[in-house]
Number of protein chains: 2
Amino acid sequence: MTERRQLRLNLFVYPGGHHEAAWRHPGTDPGRLLDIGFYQELARAAERATFDAVFLADGPSLADNVRYASRFRLEPFTWLAALAAATERIGLIATASTTYTEPYNLARLFASLDHLSGGRAGWNIVTTGAPQAAQNFGLDAHPVHAERYDRAHEFVDVVSKLWDSWDDEALIADQRTGVFADTDRIRPIDHEGSHFRVRGPLNTPRGPQGRPVYVQAGSSEDGRAFAARHAEAVFTAHQTLPSAKEFHADIKSRAAALGRDPDRLLVLPGLSPFIGSTEAEARRLQREFDDLTQPEYSLDLLHRLLGVRLTADRLDDPVPRELIETHGERGNGSRFQLVLDIVERERPTVRQLLHRLAGARGHQVVAGTPEQIADHIQEWFEHGAADGFNIMPPWLPGGFDLFAEHVVPLLRTRGLFRFAYEGTTLRDHYGLPRPADRAAVPTSPKDTA
Amino acid sequence: MTERRQLRLNLFVYPGGHHEAAWRHPGTDPGRLLDIGFYQELARAAERATFDAVFLADGPSLADNVRYASRFRLEPFTWLAALAAATERIGLIATASTTYTEPYNLARLFASLDHLSGGRAGWNIVTTGAPQAAQNFGLDAHPVHAERYDRAHEFVDVVSKLWDSWDDEALIADQRTGVFADTDRIRPIDHEGSHFRVRGPLNTPRGPQGRPVYVQAGSSEDGRAFAARHAEAVFTAHQTLPSAKEFHADIKSRAAALGRDPDRLLVLPGLSPFIGSTEAEARRLQREFDDLTQPEYSLDLLHRLLGVRLTADRLDDPVPRELIETHGERGNGSRFQLVLDIVERERPTVRQLLHRLAGARGHQVVAGTPEQIADHIQEWFEHGAADGFNIMPPWLPGGFDLFAEHVVPLLRTRGLFRFAYEGTTLRDHYGLPRPADRAAVPTSPKDTA
């Protein structure tokens, strides 16, 4: 019997929730935004819903607009280690920057998270988009896109070697003979590249998964090339089925062209669901949140996405398309295009556009009944647009609880999503193989020299 | 009523235990050395014993002698975050290097550990002694001692400013007005020094303790000066009461000379106890462990401490004093002197010296009855040699369980140690004040300019 292809679902955790006004809504308790117990309850709820993973975004700087929005950061390694202690199966995906960390330190953090969670670590590999990060690390300017990706490729190479610097069987711990580790199975990596020189080996045994699951979230040209080469899962933002299908097909064919199995690269768009017992109720709920947004904040976000500053005095005029086309900056490449597409397609007023983006910063927002949400997921899943989704609840925990209670059962009865975990690691949940250690790789002539 | 001065006790956690052969002893389960559950049980046991803190050593490289000894590293931030989730009151002290991390990243990790633990984080500030670390970070050579300490001073300055970059009251989260954070109470730090340029602010609100407790563990001249200026607790190794008294008095007077309150700098020597119902039984137990040591390993450790390599063929000859005095290297300064003192005082054979060091790498090892151990602690505590101890169990968990069950009750009935926690944070346990935020500091003319 062939097993039916299964959806992968992550809970993307954001302080307060993904709608920019979530923290102002009565369904949110702003007193618990820094309370680890709150996030532990959330992770346990996601585990009861047999989600594949919880996911934390990150960046090493403070957002400019913290005056109006819950935009501080939860440091992912400490936070996820504490979530690991409160759960047993769910995967734990940490965002970490290749631009602003050292490979040796990062390799240790992930190896440790993988050990202490019993093999549930995933790494969302980012090069960091926020230019102000540079000033927290002694740089005059944020490295340009191509330079960041160049470093990222080498970074992944280095940490992959560090994670493989102990063979799986290197830890012996034979009390009788007194051999603690088989040092023939622990090797320096002696990496010398244009960005890094790292001798190794790592100072911890190989983790349960060998390496964390490699995730990537950039949809630019550099981002796609990077994902095709390294990623095992890709997080992406799409507003329409055709756009998501194009991306899905493109990423899979790029991976195939590099000799990779496209089934081992999961495409997971973001989805922010407003759920009601009727579509009208769901839309009313969404409007409640939109009405809590603050133009001071939203215009600032739009400015960062487009490079063009619109003003608050003409919110109900149509978005001036020509202005964007002429003066917009494609710095935030793929997200710029996404906003421009909305403008072309929907001809919104400024206020309407702000509300469109308030939901999930450009990710797809869907308001409807549980059946409509499940239909949407199924449509994207079955039409080659998604292998699963990053669920981005508009507010927490309520926005997730509604999804878990009302949409997950539908996905299960439709045969699209698991009733129970079959494995124990994130690789198990995602259907990804465990990378072999170096002992399992045929020895090259150079190695025996 | 004046409260009687209380002992501070940390559990210094080391994979397997502190005796170098601990992992080979039947009391140790080598299958659990990487099992977070094992360490969580240990932390809970230390919390039941109302210990002040658990403490993890660290270094960003692999020890040379992992063939014979359990010398891999548990990454402290992830590990302690998972221990935080399993405990409620006990402090969590992470070792972290100022030489091989970036201040912005480190400040985030500690702020987060402090938030998620409800104010239990401590930072053992090290400059990293192991020269091989340099090669994991692209350096040609490990920076020399003075250079490392120079960077450390500035590093502490930078992270202190980052931890103070949000006032305590900066997080408003007023759902009605829509003000999430009072951005007048969040300030860039604009640090420009000889080692770092960091703009800030930190991307997370100020932690429950303001800053983690600052701990330091070097006893060299540079180390003492550093401790006197920055540390709130000092970990140190002494074999004799006079040596510990000299250190205690020196550190306190250095702190006083800098205008600090000497009571706010705790001196905590290491102590590794072998406990038996008779002294003879305790000594037999110690011998059991010593007999499991492996000269290949121990001689290597001795070489690193002394800079002189002795050989395994004459283990029962006296240690050649002249050789050490003439050819020894004082690179590992204070520990070199400590070993030389043992040689002068005890005139041991090579094997005897190896066993002396096998217990806890130069820290004090005491074998005796619970009363004798308690007497020893009381004597050092009351004679100005210690404000408390880093308890370094020879093996885990048994070596700690004996201490908790048999020595802690004696210390309590003697009025030296708490029966219950009075506060909730590590600062509370240690009797240290919470650093005021910048809003509480009188504004200088420069700030108003």
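A salt bridge is a side-chain nitrogen of Lys or Arg within 4 Å of a carboxyl oxygen of Asp or Glu. In this predicted model, the count between chain A and chain B is four salt bridges. One of them joins A:Arg197 to B:Asp140. The closest N and O atoms of that pair are 3.1 Å apart. Polar contacts were also counted across the two chains. Between chain A and chain B, 38 residue pairs are in polar contact, both residues being at pLDDT 80 or more.

Several elements of chain A supply this interface. Those that give two or more residues to the side touching chain B are the helices and strands α1 (36-48), α2 (76-84), α3 (103-116), β5 (171-174), β6 (179-181) and β8 (197-198) of chain A. The largest share comes from α3(A), with eight residues. By class, the side of chain A that touches chain B has 37 nonpolar residues. A further 22 are polar and 14 are charged.

The extent of the interface was computed as well. In all, 73 residues of chain A are in contact with 73 residues of chain B. The area buried between the two chains is about 5800 Å². Carbon and sulfur atoms give 59% of that area. In chain A, the residues that lose the most area to chain B are A:Arg67, A:Gln175 and A:Phe180. Together they make up 13% of what that side buries.

Within chain A, strand β2 (residues 53-56) is covered on both faces. A:Ala53 and A:Phe55 lie on one side, and both are buried. A:Val54 and A:Leu56 lie on the other side, and they are buried too. In a regular strand the side chains alternate between the two faces of the sheet. Strand β1 (residues 8-13) of chain A pairs with β2(A) in the parallel sense, over four bridges. Within this pairing, A:Phe12 has A:Phe55 of β2(A) as its bridge partner.

In chain B, strand β13 (residues 388-391) was examined in the same way. B:Gly388 and B:Asn390 point one way from the strand. B:Phe389 and B:Ile391 point the other way, and all four residues are buried. Two strands pair with β13(B). Strand β1 (residues 8-13) of chain B does so in the parallel sense over four bridges. There, B:Leu9 has B:Phe389 as its bridge partner. Strand β11 (residues 266-275) of chain B also pairs with β13(B) in the parallel sense, over two bridges. B:Leu271 stands opposite B:Ile391 of β13(B).

Two further residues of chain B were considered singly. B:His191 is found in strand β7 (residues 191-192). Its relative accessible area is 5%, under the 20% cut-off, so B:His191 counts as buried. A polar contact of 2.8 Å joins its side chain to that of B:Glu154. Leaving aside neighbours within four places in sequence, B:His191 is in contact with B:Glu154, B:Asp157, B:Val158 and B:Lys161. Its contacts also include B:Phe196, B:Arg197 and B:Val198.

B:Gln286 lies in helix α7 (residues 279-290) of chain B. With a relative accessible area of 17%, B:Gln286 is likewise buried, because the value falls under 20%. Not counting residues up to four places away in sequence, B:Gln286 touches B:Phe274, B:Val365 and B:Ala367.

Technical notes. Residues numbered from 1 in each chain as written. Chains lettered and ligands numbered in written order. Predicted model: local features only at pLDDT ≥ 70, side-chain atom pairs only at ≥ 80, totals over all residues. Heavy atoms only, no water. Buried < 20%, exposed > 50% of the residue type's maximum accessible area, 1.4 Å probe, protein only. Contact = heavy atoms within 4.5 Å. Buried area = accessible area lost by both parts, 1.4 Å probe. Polar contact = N/O pair within 3.5 Å; in protein donor to acceptor, adjacent residues only side chain to side chain. Nonpolar A, V, L, I, M, F, W, Y, C, P; charged D, E, K, R; others polar. Pairing = 2+ DSSP bridges.
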